[in-house]
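This report describes charged side-chain pairs, two backbone angles and one helix. Please look at the sequence and the model first.

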Amino acid sequence: MKNLDWIKTLLLGASIVIAGLFIGNMHKTGKKYDRYVQVKGLSEREVSADLAVWPMHIMLTGNDLKLLKTEIEKQNEEVYNFFIKQGFDESELSKGIANINDAKANIYNSSYQKNEYRYLAKSEFTVRTKDIKKLQKALIESLELISKDILLGSKNSWRPIEYIFTGLNELKPSMIEEATKNAREVAEKFARDSNSEVGEIRVARQGLFSINDRDQNTPEIKIVRVVSTIDFQLKE
């Protein structure tokens, strides 16, 4: 009976020792896993826009709707022919709807009788092309339409042409790789300063890609940017 109690005591003691070693090892492993550094990696590219869109409208005034309709059709044809002469393909040109405002029907315009013209028409027209230089040249040459009594206005007067970069998907893999490499270089610098080594990636968070104009004067040049946040494990 005494031998049985002794064996039970021995087994209980051994269990406590094993459990202590296990818990201690878990604590040690956990503390080791807690040693990491969080850094950010940047990647930037300067690229040229590969698509340009020029939304515009032809503006006319008049007092006779039938004559106004005829003049809209005539000026639309003039504008269309102008861009064809500039070397644009039919697929790059699109005519939109014509909006006509009646000053007399505007209940908030109490002084409509003083207006010389009752109707104001805006006929939409859009050029969409991948030939950026050709469109920029056409923007300058469009002044000749004034001599034909055609008032051509851009929808965005402060920036007539919208420049777009569509090749982001081709850049993504190399930029993510560069951002990760940049982040590791920062982590290695930190590790050297703390007498450690950089281990495997613990957590990686890819930032959003942004595309912005390089500056206000050259909107056709874009800056593509991404910032990745990465946690690297540190080793002794």
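A residue counts as buried under 20% relative accessible area, as exposed over 50%, and as partly exposed in between. Glu124, at 23% relative accessibility, is therefore partly exposed. The model discussed here is predicted.

**Salt bridges**

Side chains of opposite charge can pair when their charged atoms come close. The structure holds 14 salt bridges. Three pairs are set out below.

| Pair | N to O distance | Sequence separation |
|---|---|---|
| Lys148 and Glu78 | 3.4 Å | 70 residues |
| Glu124 and Lys155 | 3.4 Å | 31 residues |
| Arg159 and Asp213 | 2.6 Å | 54 residues |

In the pair of Lys148 and Glu78, the side chains meet in a salt bridge at 3.4 Å, N to O. Lys148 is in the loop between α3 (132–141) and β5 (151–154), while Glu78 belongs to helix α2 (residues 65–85), so the pair ties together parts that are 70 residues apart in sequence. Both partners fall in the partly exposed class: Lys148 has a relative accessibility of 40%, and Glu78 one of 26%.

A salt bridge also joins the side chains of Glu124 and Lys155, at 3.4 Å, N to O. This pair links distant parts of the chain, with Glu124 in strand β4 (residues 119–129) and Lys155 in the loop between β5 and β6 (162–164). Lys155 is partly exposed, its relative accessible area being 43%.

Arg159 and Asp213 form a salt bridge through their side chains at 2.6 Å, N to O. Arg159 sits in the loop between β5 and β6 and Asp213 in strand β8 (residues 210–213), so parts that are 54 residues apart in sequence are tied together by the pair. Arg159 is partly exposed at 24% relative accessibility, and Asp213 is partly exposed with a relative accessible area of 24%.

Apart from these pairs, Glu46, Arg214 and Asp215 are linked in a network of salt bridges.

**Positive phi values**

Asp149 has a phi near 60°, which is a positive value in a residue other than glycine. Asp149 is placed in the loop between α3 and β5, and Lys148 of the salt bridge with Glu78 lies in that loop too. Asp149 is exposed, with 67% relative accessible area.

Asn195, also a residue other than glycine, has a positive phi near 55°. The loop between α4 (168–193) and β7 (197–206) holds Asn195. Its relative accessibility of 68% makes Asn195 exposed.

**Helix α3**

Which residues of α3 are buried? They are Ile132, Lys134, Leu135 and Ala138. These residues cover an arc of only 165° around the axis, so they lie on the same side of α3. An α-helix has 3.6 residues a turn, so residues three or four places apart point the same way.

The face of α3 turned away from the buried side carries the exposed residues Lys133 and Ile140. The list of buried residues thus includes a lysine, Lys134, and an isoleucine, Ile140, is on the exposed face. What covers the buried residues of α3 includes β2 (51–62), α2, β4 and β6. Two of these elements also carry salt-bridge partners: α2 holds Glu78, and β4 holds Glu124.

Methods: Residues are numbered from 1 along each chain as its sequence is written. This is a predicted model: local features need pLDDT of at least 70, side-chain atom pairs count only at pLDDT 80 or more; totals for chains, interfaces and linings use all residues. Side-chain values use heavy atoms; hydrogens and water are left out. A salt bridge is a side-chain nitrogen of Lys or Arg within 4 Å of a carboxyl oxygen of Asp or Glu. Helices (H or I, at least four residues) and strands (E, at least two) are DSSP runs, numbered from the N terminus. Buried means under 20% relative accessible area, exposed over 50%, partly exposed in between (1.4 Å probe, protein chains only). The arc is that of the directions from the helix axis to the C-beta atoms. Contact means heavy atoms within 4.5 Å.
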